[in-house]
Amino acid sequence: MRSSEKPDSDSGHSPSDDEKKLAVSPGGYQTHDELPPDPDAGLSAEEKAKIDRRLLWKLDLRLIPWLCLLYLISFLDRTNIGNARLVGLEDDLNITGGQYNAALSLFFVSYSLSEPLTNVLLKRLRPSIFIPVIMVWWGICMTTMGLVHNFQGLMAARFWLGLAEAGLFPGINYYLSCWYKRNEFGIRAAIFFSAAAVSGSFGGLLAAAIAQMDGVSGQPGWAWIFILEGIATVVIGVASFWMVFDFPDEATFLSSVDRERVIRRLKEDKQSSAEHEEFKSSYLWASIKDWKTWLYAVIYMGTVSPLYAFSLFLPTIIGPNGLGFEGTRAQLLSVPPYATAACLTVLMGYIADRTQQRGVCNVGIAILGAVGFAMLLGSKQPSVQYAGTFLGALGIYPCIANTITWASNNTEGVYKRGVTLGIVIGWGNLNGVVSSNIYRRQDAPTYYVGHGVVFAYLVLFLLGGSTLMYFLLRRENANRRAGKRDGLVVGKSEQEVEALGDVRPNFVYTL
């Protein structure tokens, strides 16, 4: 029996099709405009707070660890080609530096073009089906990368890998935003994304170990990196059919009373994601016509392009053609910057949740990253440049989760949020094509072009975009407090006002 079909732990049966359509729990309420009945009515505030903490702990234990593992595997599989390059990938496949960069670029083309609609598929197919299927798919693609013999085979494998992986990152961010309040989501998203930094540390160590299998069964060490990591992805993907759960109104690990509690706390947080929506094209157009969608896409572009440049080429920057370190030592020296970035990612998620000043956090971290890449550009001392990689990592990784959380916090409605996150993440990842081509072999060992492009992205798009977004949202909140948007709800029913999502005058934007 699949996890999404397990019986409700209180009522003993699964929600009926009618209950699913109406977002009605087996307990019998319909979550539409009104708050669902409070199952804890009559309890003291202290007792309710204790129940709420226990519920959050249950959600965290059942959702976060496994989702972190999935993203760790995802990021490991898309960036391990940088580790494979250090142990002979280019020589064995007889490819040039330009062809290697083209293989990196093709991943981002298929990845980005398919991202905007993946959240719609996630919602329609259910997380317990969609996420495991795409994981098994990309695990197979990753395994075949270890079996290719030429440039054409590598290109084909990278294209399908990008297509299969496209749904995970936007899908899980959207999925988590449907479980947690806006002031709870940031730290969870940060913990989730910290898996990317952990994968950088873990990937370097793992690649150094697997590469020692060079010659086993006639396969080179780089091929074993792809084969073993691909097989692990398939195994974890199959396990995900039982480990990934559906949305709150259908979550089988919760009792019917706990489902009521989750939906009620989301409704109290003014989130329409607590409700069940049928897809309409108007949700798609609402996202496309919203100026915030495109400015968030610019901000995300300013952090994700440096992310991919850093994660794909850090082994190259540190390696024999960069700072001059060889083989296993270069792999191992790539570990500390990632580990440090993982810690700051979680810390910033906590701070941003507490202060609700996500724009200010982005600005501060962007400055840190710009300083790091200025060190890489301005110094020829390996020790200073290596220190710059630490600051560079610290200035990139925390802003990924914070920007996605910021966009999610300020976009209301189940499908509109899903489409917005798809557009923001899809556009940002399309810039991976740029990232894949800026660290050129002829620029070694200084890599001025690569470092300069990353520096420009951090300053112009991440720092500049975050500053602009902060002041625009602040002005809009002031207009709403002054009553200048009240005319939007005149003559509308409660249901029509709710359908306005983040446009409704009582919705306050997170700065």
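**Exercise 1. Determine whether glutamate 90 is buried or exposed, and describe its surroundings.**

*Solution.* Step 1: glutamate 90 has a relative accessible area of 9% and is therefore buried; buried means under 20% relative accessible area, exposed over 50%, and partly exposed in between, with a 1.4 Å probe and protein chains only. Step 2: this residue belongs to helix α3, residues 89-93, where helices (H or I, at least four residues) and strands (E, at least two) are DSSP runs numbered from the N terminus. Step 3: leaving aside residues up to four places away in sequence, glutamate 90 touches Arg85, Ile95, Thr96, Gly97, Tyr100 and Arg441; contact means heavy atoms within 4.5 Å.

*Note on the model.* The model is predicted: local features need pLDDT of at least 70, side-chain atom pairs count only at pLDDT 80 or more, and totals for chains, interfaces and linings use all residues. Residues are numbered from 1 along each chain as its sequence is written, and side-chain values use heavy atoms, with hydrogens and water left out.

**Exercise 2. Describe the salt bridge between arginine 261 and aspartate 258.**

*Solution.* Step 1: side chains of opposite charge can pair when their charged atoms come close. Step 2: a salt bridge is a side-chain nitrogen of Lys or Arg within 4 Å of a carboxyl oxygen of Asp or Glu; the N to O distance for arginine 261 and aspartate 258 is 2.7 Å. Step 3: the two residues are 3 residues apart in helix α11 (residues 256-268), so about one helical turn separates them. Step 4: arginine 261 is buried at 19% relative accessibility, and aspartate 258 is buried at 8%.

**Exercise 3. State how many salt bridges the structure holds, and examine two further pairs.**

*Solution.* Step 1: the structure holds 19 salt bridges. Step 2: arginine 358 and aspartate 353 form one of them, at 2.5 Å from N to O, and both residues are buried. Step 3: lysine 292 and aspartate 290 form another, at 2.7 Å from N to O. Lysine 292 is buried at 2% relative accessibility, and aspartate 290 is buried at 9%. Step 4: salt bridges with shared partners link Asp290, Lys292, Lys416 and Asp502 into one network.

**Exercise 4. Determine whether valine 235 is buried or exposed, and locate it in the structure.**

*Solution.* Step 1: valine 235 has a relative accessible area of 55% and is therefore exposed. Step 2: valine 235 lies in helix α10, residues 221-243.
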